[in-house]
There are 2 protein chains.
Amino acid sequence: MENRVITISREYGSGGRMIGRKLAEKLGIHCYDADLIQRIVDKSGYSADYVKEEGESAAGGVFSTFLADRTRGLTTQDNLWNVQCQVIAELADKESCVIVGRCADYILRARADCLTVFIHADRDTRDERIAKEYGVPEDSVVRRRKEKDKRRAAYYQFYTDMKWGDARNYHICLDSGELGIDKCVDILAQLY
Amino acid sequence: MENRVITISREYGSGGRMIGRKLAEKLGIHCYDADLIQRIVDKSGYSADYVKEEGESAAGGVFSTFLADRTRGLTTQDNLWNVQCQVIAELADKESCVIVGRCADYILRARADCLTVFIHADRDTRDERIAKEYGVPEDSVVRRRKEKDKRRAAYYQFYTDMKWGDARNYHICLDSGELGIDKCVDILAQLY
């Protein structure tokens, strides 16, 4: 099997982004994460803050997406989604790479050369990482985790009509809390 | 990581049982599948047919389970569930092994030495396997697959209060259609 593109969906605080970076480094390919945002910004003309906010971890954008009036055509959010689809498809055409987040698994689902991954972990592992790695104050960690989970799930469901975190939507799902970050990287590198 | 017990939950037709057998053979440990049924029969005193039918792929048992009158205490189904829990816990105490189905992942969830696995595959792969390997007539394959999925999901949800097939309930989930049976066996053997 020769998978050229690996997409990583992940629970907030599961270390999915770090797995994506380490994996890309190991394979000698690019990991699109912050770079992906920049490309969407460049192509869409929207501000970086808006693109970040409207993404899967939107601060307020997801619910405005759901409530938007679509009777007059595409909303700003829908336009952004369309640009996102184009950018991700172009990247996948161009080069072997790892793409973190942004429903890339769904956007590239028809490609035979794509390996789709979901990373999750138990709550304690995630809370520790959210506090240590992301610097979220301890008394906000649980609220933050719950909010991020809800928003990612809602965004994914809205645009893909599939259930976020359902094993059947991915080729491989890994519990990074149980297996550890490096073991996850090893397994994925081997499948590439 | 030293996992002594590997539990395999699987979609009907995904090859999960074959993965369990090949994995156990590779690791030189026992795979409990039909043997598990026999042990439950021996311990419970119920007939083999009843135990099989009341299991996760019940022919009629699941819905009688849900509709049963529990105001007077445990039903026959609940008694069977309790025996199943005991048998699986005893196996896990006794020896390193692979256990296929029967909610073993849930029953052993508190054990640190247990690796929980979910195997799934796309519909076409499963339908082909259901016809070829299980000998189901072609015109019954789709109905049979849907029925089995519904029953397993309902049984799992009823006794575990968790969603069957949600990646977050398992340490690793694999798409056997995409990755192939042997690759799944390799990955799991490596994690053991």
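**Exercise 1. Decide how covered strand 4 of chain A is, and which way its residues point.**

Solution. Strand 4 of chain A is mostly covered: of its seven residues, seven are buried. A residue is buried if 20 or more other C-beta atoms, placed from the backbone, lie within 10 Å of its own; 12 or fewer make it exposed, and anything in between partly exposed. Strands here are DSSP runs of E with at least two residues, helices are runs of H or I with at least four, and both are numbered from the N terminus.

Next, sort the side chains. Cys114(A), Thr116(A), Phe118(A) and His120(A) point one way from strand 4 of chain A. Leu115(A), Val117(A) and Ile119(A) point the other way. In a regular strand, side chains alternate between the two faces of the sheet.

A note on the model and its numbering. This is a predicted model: local features need pLDDT of at least 70, side-chain atom pairs count only at pLDDT 80 or more, and totals for chains, interfaces and linings use all residues. Residues are numbered from 1 along each chain as its sequence is written, while chains are lettered from A and ligands numbered from 1 in the order in which they are written.

**Exercise 2. Find the strands that pair with strand 4 of chain A, and trace the sheet outward.**

Solution. Two strands pair if DSSP finds at least two bridges between them.

- Step 1. Strand 1 of chain A runs parallel to strand 4 of chain A, and six bridges join them. Val5(A) has Cys114(A) as its bridge partner in strand 4 of chain A.
- Step 2. Strand 5 of chain A also runs parallel to strand 4 of chain A, with four bridges. Here Ile119(A) has Leu174(A) as its bridge partner.
- Step 3. Strand 1 (residues 5–10) of chain A pairs with strand 3 (residues 97–100) of chain A, again in the parallel sense, over four bridges. Val5(A) stands opposite Cys97(A) there.
- Step 4. Strand 5 of chain A pairs with strand 5 (residues 172–175) of chain B in the antiparallel sense over three bridges. Leu174(A) stands opposite Ile172(B).

Now write the full order. Ten strands form an open sheet, 2(A)-3(A)-1(A)-4(A)-5(A)-5(B)-4(B)-1(B)-3(B)-2(B), with mixed pairing. Strand 2 (30–32) of chain A and strand 2 (30–32) of chain B are the edge strands, each pairing on one side only. From one strand to the next, the twist averages 20 degrees. Axes for such angles are lines fitted to C-alpha atoms, for helices over the stretch in contact, and angles run from 0 to 180 degrees between N-to-C directions.

**Exercise 3. Describe the side of chain A that touches chain B.**

Solution. Start with the count: 15 residues of chain A are in contact with 15 residues of chain B. Contact means C-beta atoms, placed from the backbone, within 7 Å. Strand 4 (114–120), strand 5 (172–175) and helix 9 (176–179) of chain A each supply at least two residues of this side. Strand 5 of chain A gives the most, with four residues.

Then look at chemistry. This side of chain A divides into eight nonpolar, three polar and four charged residues. Ala, Val, Leu, Ile, Met, Phe, Trp, Tyr, Cys and Pro count as nonpolar; Asp, Glu, Lys and Arg as charged; the others, Gly among them, as polar.

**Exercise 4. Work out how the two chains are related.**

Solution. A turn of 180 degrees and a shift of 0.0 Å along the axis lay chain A on chain B with an RMSD of 0.0 Å. That is the relation of a two-fold axis. The same surface serves both copies: 100% of the contact residues of chain A recur in chain B. The superposition is by least squares on C-alpha atoms of residues with pLDDT of at least 70 in both copies.

**Exercise 5. Place His171(A).**

Solution. His171(A) lies in the loop between helix 8 (141–160) and strand 5 of chain A. His171(A) counts as buried because it has 24 C-beta neighbours inside 10 Å. Thr116(A) is 55 residues away along the chain, yet the two C-alpha atoms are separated by 5.3 Å. Leaving aside neighbours within four places in sequence, His171(A) is in contact with Leu115(A), Thr116(A) and Val117(A), and with Asp175(B), Glu178(B) and Leu179(B).

Notes: Two residues are in contact if their C-beta atoms, placed from the backbone, lie within 7 Å.
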